[in-house]
Amino acid sequence: MASKQLFTDSDIADEAVRATCDDASICKRFATSKGYWTDLYVQYFVRQVGERKAPEINRGYYGRVKGMNLLIDAFLKKTQCDCQVVNLGAGLDTTFWRLKVENIMPKKFFEVDFPMIVARKIHHIKTKPPLSKPLIETHSTDSLLLDCHSLDSDRYCIIGADLRDFPTLEEKLKKFQINPELPTLFLSECVLVYMTTEQSSKLVHWVADTFPTAMFINYEQVNMNDRFGEIMIENLQRRQCNLAGVDLCQSLDSQERFLSAGWKSVNALDMMTVYSMLPQEDVARIERLEFLDEKELLQQLLQHYCICWAVKDKLNLGLSQIGF
């Protein structure tokens, strides 16, 4: 008798995508242990520093974190924190805790990810006081709304949902009182690329249609049609990780998809350019941390990732002025 297949190809692919969450967190944990930037909270999600990462990887993550933070903080400044943030595919990200420490919190910070990842993150938050205390400090009642796949407080909400299951995602965001009238910042780091073009277009379109004053920051691969890009794709495929949306990562011009989805303006820079526009005193500091033999490899790596930010600004807050 033929045995029943326990796992479908899509199950295996989803598991590979979920594993990228750990990859990113482990790399951030190592880079912060070396002093590239300060993150007081990543240690509570990734206990051990782990094996050494190459200097170009550490510098790449430095550029990613600093670039994203610069745009996030600029949005919070423009809106005077009278806004909400939605981190799509947030993984074990620690941005909420950073904003609490720096006293630049939005009215509410939402995170969405696979239910399995959300369950793990909630477990970390429940069992580690340095993570739970900031939530309790910003909450007005004695109890938090909590189950295994969601946690809701006054200022922080984490939701277990598949971004490709659009009706459920929309329903859950509404259930936890997302406010379309508030200026809203959407964050996406290496997330849209794992969705088909149709799925990600639907998501980007829905955000533009629903939130009249909004900004969408998207960090992902770019220039994927050259040999270096092909090698990146092959490496991921060996781990059963399929870049379903890679057709939209051919060039920076591909990010104009935001315009056809209803956004009013869009900018995109490769990470080599972003790296050169970060505060150079700090860049010089981190470049002294480790000797980098393969400068050309770092350059190639940075040229194959980009940050894109799209804007709609019905309230005329000057969001289109945000940039590097």
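## Close-up views of a predicted model

**View 1. Charges, confidence and the whole chain.** In this predicted model, the chain carries 38 positive and 44 negative charges, and the mean positions of the two sets lie 5 Å apart. Confidence comes next: the pLDDT averages 92 over the chain, and 94% of the residues reach at least 70. Residues 1-8 have a pLDDT below 50, and this stretch makes two contacts in the model beyond near neighbours in sequence. Where pLDDT is low, the predicted coordinates should not be read in detail.

**View 2. The fold as a whole.** Here we step back to 12 helices and nine strands. With a radius of gyration of 19 Å, close to the 20 Å that the globule rule gives for 324 residues, the chain is as compact as a globular protein of that length. The C-alpha trace spans about 65 × 55 × 45 Å along its principal axes. Of the 324 residues, 52% are buried. If you count contacts with a separation of 6 or more, 78% of them link residues 24 or more positions apart. The exposed area comes to about 15400 Å², of which carbon and sulfur atoms supply 51%.

**View 3. Glutamine 84, a buried residue in a strand.** Glutamine 84 has its place in strand E1, which covers residues 84-88. How buried is glutamine 84? Its relative accessible area is 2%, so glutamine 84 counts as buried, the cut-off being under 20%. Leaving out residues up to four places away in sequence, glutamine 84 touches a list of partners that includes Phe75, Pro106, Lys108, Phe110 and Phe211. Also among them are Ile178, Asn179, Pro180, Leu182, Pro183, Thr184 and Leu185. For a sense of distance, the C-alpha atoms of glutamine 84 and glutamine 240 are 35 Å apart, with their positions 156 residues apart in sequence.

**View 4. Leucine 182, a contact partner of glutamine 84 in a loop.** Leucine 182, one of the residues that glutamine 84 touches, sits in the loop between helix H6 (166-175) and strand E6 (184-189). Is leucine 182 buried or exposed? At 13% relative accessibility, leucine 182 counts as buried, because the cut-off is under 20%. Which residues does leucine 182 contact, leaving aside its neighbours within four places in sequence? They are Asp82, Cys83, Gln84, Lys107 and Thr213. The C-alpha atom of leucine 182 is 36 Å from that of glutamate 281, a residue 99 positions away along the chain.

**View 5. Valine 204 and its contacts.** Valine 204 belongs to helix H7, which runs over residues 197-210. Its relative accessible area is 3%, so valine 204 is buried by the under 20% cut-off. Beyond residues up to four places away in sequence, valine 204 touches Leu192, Phe216, Phe258, Ala261 and Trp263. Glycine 262 is worth finding in this view too: valine 204 and glycine 262 are 58 residues apart in sequence, while their C-alpha atoms are 8.6 Å apart in space.

**View 6. Two residues with positive phi.** Cysteine 81 and asparagine 316 share this panel. Which value does phi take at cysteine 81? Phi there is near 65°, positive in a residue other than glycine. Cysteine 81 lies in the loop that joins helix H2 (55-78) to strand E1 (84-88). Asparagine 316 has a phi near 55°, again a positive value in a residue other than glycine. Asparagine 316 is located in the segment after strand E9 (305-313). With a relative accessibility of 69%, asparagine 316 is exposed, because the cut-off is over 50%.

**View 7. Lysine 295, an exposed residue in a helix.** Where is lysine 295 found? Lysine 295 is in helix H12, made up of residues 295-302. At a relative accessible area of 60%, lysine 295 is exposed, since exposed means over 50%. Finally, lysine 295 and valine 46 are 249 residues apart in sequence, and their C-alpha atoms are 29 Å apart in space.

Definitions and conventions. Residues are numbered from 1 along each chain as its sequence is written. This is a predicted model: local features need pLDDT of at least 70, side-chain atom pairs count only at pLDDT 80 or more; totals for chains, interfaces and linings use all residues. Side-chain values use heavy atoms; hydrogens and water are left out. pLDDT is the predictor's confidence in each residue, from 0 to 100. Contact means heavy atoms within 4.5 Å. Helices (H or I, at least four residues) and strands (E, at least two) are DSSP runs, numbered from the N terminus. The radius of gyration is taken over C-alpha atoms; the globule rule is 2.2 Å times the number of residues to the power 0.38. Buried means under 20% relative accessible area, exposed over 50%, partly exposed in between (1.4 Å probe, protein chains only). Accessible areas come from the Shrake-Rupley method with a 1.4 Å probe; for residues, only the protein chains shown count as cover. Lys and Arg count as positive and Asp and Glu as negative; His and the chain ends are not counted. The place of a charge is taken as NZ of Lys, CZ of Arg, CG of Asp or CD of Glu.
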